[in-house]
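Please open the model in a viewer and keep the selection panel at hand. The tour proceeds by selections, each followed by a note on what is found there.

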Amino acid sequence: MIDTLLEKIRNGDEIALSKLITLMEEDEGVRKKVIKKIFACPVKGRIICFTGPPGVGKSTLIDQVLSILTSEGNKVGVILVDPRSPFTGGSLLGDRIRMQRHATNPRVFIRSLSCAENPEGVSRSVKDILKLMALAGLDYIIVETVGTGQIAVEVSHICHTTVLVLMPNMGDDIQMMKAGILETADIYVINKSDLNGAELTEAYLKDNVEKRDGWTPPIIKTVGYNRATVVPLVEKIKEHLSKESCRYREKVKGLLTTMFMDHLDELALKFLKNNPHFEKVVDEVAECKKDYYTAIEELFEKMKKEVLKDD
Ligand SMILES: Nc1nc2c(ncn2[C@@H]2O[C@H](COP(=O)(O)OP(=O)(O)O)[C@@H](O)[C@H]2O)c(=O)[nH]1
Ligand SMILES: [Mg+2]
């Protein structure tokens, strides 16, 4: 079944794409199978990440970007990622409403991923799903992530271009962000610049953003409702996409290493936990009968002996 869906997806079938994304979301086994099959396929779509605190206007901006890109004849996919639970303020509904006018646009494919149940697995499934979308004949894929935490940083690593959206009067708030996102962003946007205080955010950014790998991250002021202010942003995104080749290769190398190490960590831990001595060692440490350094050394010693015995 996966093969049939993949074939359809390669031919631009969006229903098949939607179906396989659902299967991948629900079942890690399907994800594994899909990735094994598509891993070496060349990627066509360029992936752009919009990240930033809730309420700064990411969805409003993406709505404008969609208009601009599709009016040029591009096909664009959008993934909305919200790792928060619907009870604590999930925002997917609001995002969809802001992009409503594109719901019937045949050049736009919008998909939300609600990840409330398994926040740890979010970035991994998003990465896998992005890989799949990149095969689907879309020219651009836009990812909106909420917040500036670990997930946003991890997702941004798989994108060709990361846009960090901020708004006026931010200074301390930027400082509070997960350090990584400020350094990962390729383009900074100060949206809502119809409001006072854009200079404050701009001054903070100018002091903290550095030129890297031959690219000076631009700071662009926008007004989400005003298409004309978003045009320069789209131009900068395209400029970055065309310059990125070298830096992107480095990015992907780093990403693949991280993904491999993540999986390895998970499997190695599972393997350790399955060892019959594991629980006993944990108890000994918990009851202060052994210090954790000795306990780990002994556990490894025992496992080594078992492996040698098996040979
Ligand atoms: N004043 C002003 N409000 C904006 C602007 N862009 C978006 N908004 C409003 O800000 C609120 C949050 O926008 P939204 O796009 O949902 O933000 P997101 O959470 O970052 O996706 C909405 O009420 C928008 O209408 C802007 O440039 N100026
Ligand atoms: Mg939004």
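**First stop: a strand pair**

Select strand 1 (residues 46-51) together with strand 4: the two pair in the parallel sense, over five bridges. The model in view is a predicted one. To inspect one bridge, display phenylalanine 50, whose partner in strand 4 is glutamate 144.

Next, keep strand 4 (residues 140-145) alone; six of its six residues are buried. In a regular strand, side chains alternate between the two faces of the sheet. Colour the two sides of strand 4 separately: one holds Tyr140, Ile142 and Glu144, the other Ile141, Val143 and Thr145, and all of these are buried, leaving both faces covered.

**Second stop: helix 10**

Select residues 198-208, which form helix 10, and mark Ala198, Thr201 and Leu205, its buried residues. Why do they lie on the same side of helix 10? Around the axis they cover an arc of only 70 degrees, which places them on one side. An α-helix has 3.6 residues a turn, so residues three or four places apart point the same way.

Now add strand 5 (161-166), strand 6 (187-190) and strand 7 (219-221), which are among the elements covering the buried residues of helix 10. Then turn to the face directed away from the buried side, where Ala203, Lys206 and Asp207 are exposed.

**Third stop: ligand 1**

Finally, centre on ligand 1 and show the 18 residues around it; Gly57, Lys58, Ser59, Thr60 and Gly224 come nearest. Highlight helix 4 (58-71) and helix 5 (92-98), each of which contributes at least two residues to this shell. Colouring the shell by residue class gives five nonpolar, eight polar and five charged residues.

Technical notes: Residues numbered from 1 in each chain as written. Chains lettered and ligands numbered in written order. Predicted model: local features only at pLDDT ≥ 70, side-chain atom pairs only at ≥ 80, totals over all residues. Near = placed C-beta within 6 Å. Helix = DSSP H or I, 4+ residues; strand = E, 2+ residues; numbered from the N terminus. Nonpolar A, V, L, I, M, F, W, Y, C, P; charged D, E, K, R; others polar. Buried ≥ 20, exposed ≤ 12 C-beta atoms within 10 Å, placed from the backbone. Arc of directions from axis to C-beta. Contact = placed C-beta atoms within 7 Å. Pairing = 2+ DSSP bridges.
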